[in-house]
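Morning, everyone. I'll put the model up and then go through its helices, its cavity, its surface and its salt bridges in turn.

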Amino acid sequence: MTLADRDISILKMIENNYFKYACCFLILVAGIAFLILSIIQRIYRKSSDGMEYLCVFCFVSFIYYCIETKSMNLFYGNQTLYSVIVFFSLMLLPLFFIPYYTKGIVIKKSKTLNILFLIAILNAVIQTVLQLTNLVDFMDMAVFSHIILFVSIWFTLMNVFISNIRKEENSYWLDFIALLPLGLCGIFDIVHSYFSTSEHIEKYSRYGTTIFCLFMLISHMVKIVRSQMQALKEKEEKANAANEAKSIFLARMSHEIRTPINAVLGMNEMILRESNEENVLEYSANIDSSAHALLSIINEILDLSKIEAGKMVLTPVEYNLSSLLHDIYIMTEVRAKDKDLVFKINVDPLIPAKYIGDDVKVRQILTNLLSNAVKYTHKGYVYLKVSGYCKDDAYFLCFEVQDSGIGIKDEDMPKLFEEFQRIEEKKNRSIEGTGLGMSITVQLLKLMDSTLNVESEYGKGSRFFFQIKQEVVDATFQRSVKRKIIKKIRCW
């Protein structure tokens, strides 16, 4: 045969066996995929779900069907060797098919399958011995291998079907779909092989095996994805349960601790009112300051636990913006004055006076931001600016807190809104706080469909600003509100 004739023969063989080669290729790909998946599963889950058996089954099937295409004769013409390999492969197939199902992953462990597996082992041993001793040829004993494989497939098929019917969740229908064409094609091949001389024994089974390998690969990939999703769900449930338990504990403890602290504050208030001794008043003032600081920390923890438990809700009521700002001014001015800081509230005189919204949450947000601004500003100023605007028939109130404090480094920005995180804690260890204020502020703004924006330059100061949607009740301008309410609040 010349080189040109050889090339023509190869091309004709490829053309005539196109689908056969495609099946062999797909079976090989499935085997490689099973190998990779089994290794990964062994490493991460310590169990491969029997995929190593399917891997070897695919490789043996690939060898069997690849030789059956007669293509190997072009490279090595020893037909006897190929015949031995083909029937030896056929004999091995049940030895890797049955163990996959005897593991009880898809169906319950079956004595019948174990018996079939033992028969398959005896068949392999007896046929090998008879072949090696030249007493009987593999070809003459192939019928036994076919029968064992055929019975194993159909017995497994029926058990998978029954298993699916009895289960509430049909988790293994892909396995049934994979086995069905394998069993049906096996019947077609047996009929044509032993009752008709016009067809080859592997004509239909190669298609059934290809479908089986591909569907089993899909089945295992689906199982892996489901397993991962279930594992993530369980972890999420455990985390949520632990978080809920923590929130309940914090809420109960905070409530139990606040009661005696309020009693201490009440008794201390009586001492401040009735005592005239300077040293007693000084001690009492220290007690009052420390108790209020402790109460503030407990309130923050309680607020955080409510937010994490999903029990923090908005309570919209009608409120006067001027009164809210006046209260904030009174609370912040004392702290700013103690540090010789300039504190001002600048309000756009053209914004409405009354709104419907959760004024308690707005007050808490502004108090947290102003409290932090005063804490981290050693000289200079702290400003609160209030403005507003209309958009699409909605009104938005804009708040901005600006200070001349220590500022924030760019690398510290991610820590700003984390719970129990304080920026430059060593440098600022003398400043009291839990690191919860900013986290609570962000969560409260999230409830209001808003976000907190930050601009800061280290060493020069910071600017925190946000906007919230509020319903306007009274469109009267702030300029028209009684001056006694906002006498210390500057209108532009």
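Helices here are DSSP runs of H or I with at least four residues, strands are runs of E with at least two, and both are numbered from the N terminus. This is a predicted model, so to speak of provenance first: local features need pLDDT of at least 70, side-chain atom pairs count only at pLDDT 80 or more, and totals for chains, interfaces and linings use all residues. Residues are numbered from 1 along each chain as its sequence is written, and side-chain values use heavy atoms, with hydrogens and water left out.

Let me start with two phenylalanines. Phe 117 sits in helix H5, residues 111-132. Its relative accessible area is 26%, so Phe 117 is partly exposed; the scale is buried under 20%, exposed over 50% and partly exposed in between, with a 1.4 Å probe and protein chains only. Between the C-alpha atoms of Phe 117 and Ile 148 there are 8.8 Å, while along the chain the two are 31 residues apart.

Phe 88 belongs to helix H4. With 33% relative accessibility, Phe 88 is also classed as partly exposed. Its C-alpha is 8.8 Å from that of Gln 127, and the two residues are 39 apart in sequence.

Next, the interior. On a 1 Å grid over the protein atoms alone, a cavity is a set of points where a 1.4 Å probe fits but cannot get out, and lining residues have an atom within 4 Å of a point. Points are joined across faces, edges and corners, and the volume is the space filled by probe spheres set on them. How many cavities of 30 Å³ or more does that give? The count is one. The largest cavity holds about 240 Å³. Its lining has 19 residues, and those nearest the centre are Tyr 65, His 146, Leu 149, Gly 186 and Ser 205. Two or more lining residues come from each of helices H3 (51-68), H4 (79-102), H6 (138-166), H7 (173-195) and H8 (205-274). Sorted by class, the lining is twelve nonpolar, six polar and one charged. For that sorting, Ala, Val, Leu, Ile, Met, Phe, Trp, Tyr, Cys and Pro are nonpolar, Asp, Glu, Lys and Arg are charged, and the others, Gly among them, are polar.

Now the surface. A nonpolar patch is formed by Ile 32, Leu 35, Ile 36, Ile 39, Ile 40, Ile 43 and Tyr 44, which together have about 690 Å² of accessible area. Patch residues have over 30% relative accessible area and no salt bridge, and nonpolar side chains (Val, Leu, Ile, Met, Phe, Trp, Tyr) are joined within 5 Å. The areas are Shrake-Rupley values with a 1.4 Å probe, and for residues only the protein chains shown count as cover. Of the patch members, Ile 43 is in helix H2, residues 18-45.

On to charges. A salt bridge needs a side-chain nitrogen of Lys or Arg within 4 Å of a carboxyl oxygen of Asp or Glu. The whole structure has nine of them, and I'll take three.

Arg 273 pairs with Glu 269 at 3.4 Å, N to O. These two are four residues apart in helix H8, so about one helical turn separates them. Arg 273 is exposed at 67% relative accessibility, whereas Glu 269 is partly exposed at 32%.

Asp 327 and Arg 363 form a salt bridge, also listed at 3.4 Å, N to O. Asp 327 is in helix H10 (321-338) and Arg 363 in helix H11 (359-375), so this pair ties together parts 36 residues apart in sequence. Asp 327, Asp 359 and Arg 363 are linked in a salt-bridge network.

Glu 400 meets Arg 463 at 2.8 Å, N to O. This pair links strand S5 (394-403), which holds Glu 400, to strand S7 (461-477), which holds Arg 463, across 63 residues. Is Glu 400 buried or exposed? At 15% relative accessibility, Glu 400 is buried, while Arg 463 is partly exposed at 24%.

Last, some backbone angles. Asp 340 is not a glycine, yet has a positive phi of about 55°. Asp 340 lies in the loop between H10 and strand S2 (342-347) and is exposed at 68%. Asp 392, again not a glycine, has a positive phi of about 50°. Asp 392 is in the loop between strand S4 (381-391) and S5, and is exposed at 69%. Asp 449, just after H12, has a positive phi of about 60°.

Terms used:
1 Å grid on protein atoms, 1.4 Å probe; cavity = no way out; pocket = protein on both sides within 12 Å on 5 of 7 lines; lining within 4 Å. Patch = residues over 30% accessible without salt bridge, like charges linked within 9 Å, V, L, I, M, F, W, Y side chains within 5 Å.
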